[in-house]
Amino acid sequence: MEGHGGHDSVRHGYDAVAEHYAAGFRDELAGKPLDRALLACLIEQTEPDAPIADLGCGPGHVAGWLAERGVRTVGVDLSAAMVAVGHQDHPAVEFREGDLLALPAADGEFGSAVAFYSIIHLHPSELRGAFQQAHRALCPSGLFLVSFHIGSEVRHMNEWWGHEVSIDFRFLEPAHVVDVLEKTGFRVEMRTERMPYAGEVDTRRAYLLARRTGA
């Protein structure tokens, strides 16, 4: 989950629903074979012992899946409540409270990074800044796996699991995301799309695997 300055509503929304969210998504990857395959691909191509960052990690279910496979994993999320749930559920993961636009990470710290459905809360003008931060935090030739809902609409949510929230979910066009990645020092090596699995929100989803280039 992202946030910076004016994104307090996103932070507060995810703080409010953290426990419900964690319960709903704790075993999410069990029903997502493509997601698991792409994460396994990321592990295989990451330098041994190099940490993988889960950017916008929520309650840490993706980071936890990586950690279960012997990966040193760092989860970063805007929501303190999400980070607290993550600490409880996935003690092998290092969690940091932080922002996609100002990552709490050293330059070149991560061997790879994943951002599953976290860039959907960024304003389109902020994508570049978020990708610049990912580029900074990745080691040379590090990989960045990104997923998002495909389209151009913005879905606004005022209520979530019985809590009052104010959160925008922004759909994105893959060609645009590829363009921004390439302009921020990445080379996209893989692009795929899928339809929703049973029980998922009825949207098409895009996955991009990009490699950090440049100094």
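# Exercises on a predicted model

A67 is a residue of helix α3. The model you are looking at is predicted, and A67 is a good place to start exploring it.

## Exercise 1: A67 and its surroundings

Task: Decide whether A67 is buried or exposed, and find which residues are in contact with A67 beyond its neighbours within four places in sequence.

Solution.
- Step 1. Look at the relative accessible area of A67, which is 18%. Buried means under 20%, so A67 is buried.
- Step 2. Set aside the neighbours within four places in sequence; A67 is then in contact with T73, A92 and V93.
- Step 3. Now try a distance. A67 and P51 are 16 residues apart in sequence, and their C-alpha atoms are 9.9 Å apart in space.

## Exercise 2: Another residue of α3

Task: Find which side chain is joined to that of H61 by a polar contact of 2.8 Å.

Solution.
- Step 1. Locate H61, which is in helix α3.
- Step 2. Check its accessibility: with a value of 11%, H61 counts as buried.
- Step 3. Gather the residues in contact with H61, leaving out neighbours within four places in sequence: Y21, F25, R26, E28, L29 and H90.
- Step 4. Pick out the partner. The polar contact of 2.8 Å runs between the side chains of H61 and E28.

## Exercise 3: The largest pocket

Task: Describe the largest pocket: what is its volume, and which element gives the most to its lining?

Solution.
- Step 1. Begin with the volume: the largest pocket holds about 760 Å³ of space.
- Step 2. Turn to the elements. Those giving two or more residues to the lining are α1, α3 (61-68) and β6 (154-160). The most comes from β6, with four residues.
- Step 3. Find the centre. The lining has 33 residues, and Y21, F25, E28, H149 and V201 are the ones nearest the centre of the pocket.
- Step 4. Sort the lining by type: 18 residues are nonpolar, eight are polar and seven are charged.
- Step 5. Link back to Exercise 2. E28, one of the residues nearest the pocket centre, is also the residue whose side chain makes the polar contact with H61.

## Exercise 4: The largest cavity and F144

Task: Work out which residues line the largest cavity, and follow one of them, F144, into its surroundings.

Solution.
- Step 1. Count the cavities of 30 Å³ or more: there is one. The largest cavity has about 40 Å³ of space.
- Step 2. Name its lining: L55, L100, A115, I119, A130, F131, A134 and F144. These divide into eight nonpolar residues, with no polar and no charged ones.
- Step 3. Ask where the largest share comes from. Helix α5 (residues 127-137) supplies three residues.
- Step 4. Follow F144, which is in strand β5 (residues 138-149). Its relative accessible area is 2%, so F144 is buried.
- Step 5. Look at its contacts beyond four places in sequence. Among them are L55, A115, F131 and A134, and these residues also line the cavity. Other contacts of F144 include L181, F186 and L208.

## Exercise 5: One face of a helix

Task: Find which residues of helix α4 (residues 80-89) are buried, and how they are arranged around the helix.

Solution.
- Step 1. List the buried residues of α4: M82, V83, V85 and G86.
- Step 2. Look down the axis. The buried residues fall within an arc of 160°, so they line one face of α4.
- Step 3. Recall a general point: an α-helix has 3.6 residues a turn, so residues three or four places apart point the same way.
- Step 4. See what covers the buried residues of α4: the cover includes α1 (8-25), β2 (73-77) and β3 (94-97).

## Exercise 6: Two residues with positive phi

Task: Compare D49 and Y117: where does each lie, and is each buried or exposed?

Solution.
- Step 1. Start from the general pattern: most residues other than glycine have a negative phi.
- Step 2. Read the angles. Phi is near 75° for D49 and about 55° for Y117.
- Step 3. Place them. D49 is in the loop between α2 (33-45) and β1 (52-55), while Y117 is in the loop between β4 (110-116) and α5.
- Step 4. Check accessibility. D49 is exposed at 69% relative accessibility, whereas Y117 is buried at 14%.

Key: Residues are numbered from 1 along each chain as its sequence is written. This is a predicted model: local features need pLDDT of at least 70, side-chain atom pairs count only at pLDDT 80 or more; totals for chains, interfaces and linings use all residues. Side-chain values use heavy atoms; hydrogens and water are left out. On a 1 Å grid over the protein atoms alone, a cavity is a set of points where a 1.4 Å probe fits but cannot get out, and a pocket is an open set with protein on both sides within 12 Å along at least five of seven lines; lining residues have an atom within 4 Å of a point. Grid points are joined across faces, edges and corners, and a volume is the space filled by probe spheres set on the points. Ala, Val, Leu, Ile, Met, Phe, Trp, Tyr, Cys and Pro count as nonpolar, Asp, Glu, Lys and Arg as charged, and the others, Gly among them, as polar. Buried means under 20% relative accessible area, exposed over 50%, partly exposed in between (1.4 Å probe, protein chains only). The arc is that of the directions from the helix axis to the C-beta atoms. Contact means heavy atoms within 4.5 Å. A polar contact is a pair of N or O atoms within 3.5 Å; within protein, one must be able to donate a hydrogen and the other to accept it, and residues adjacent in sequence count only if both atoms are side-chain atoms.
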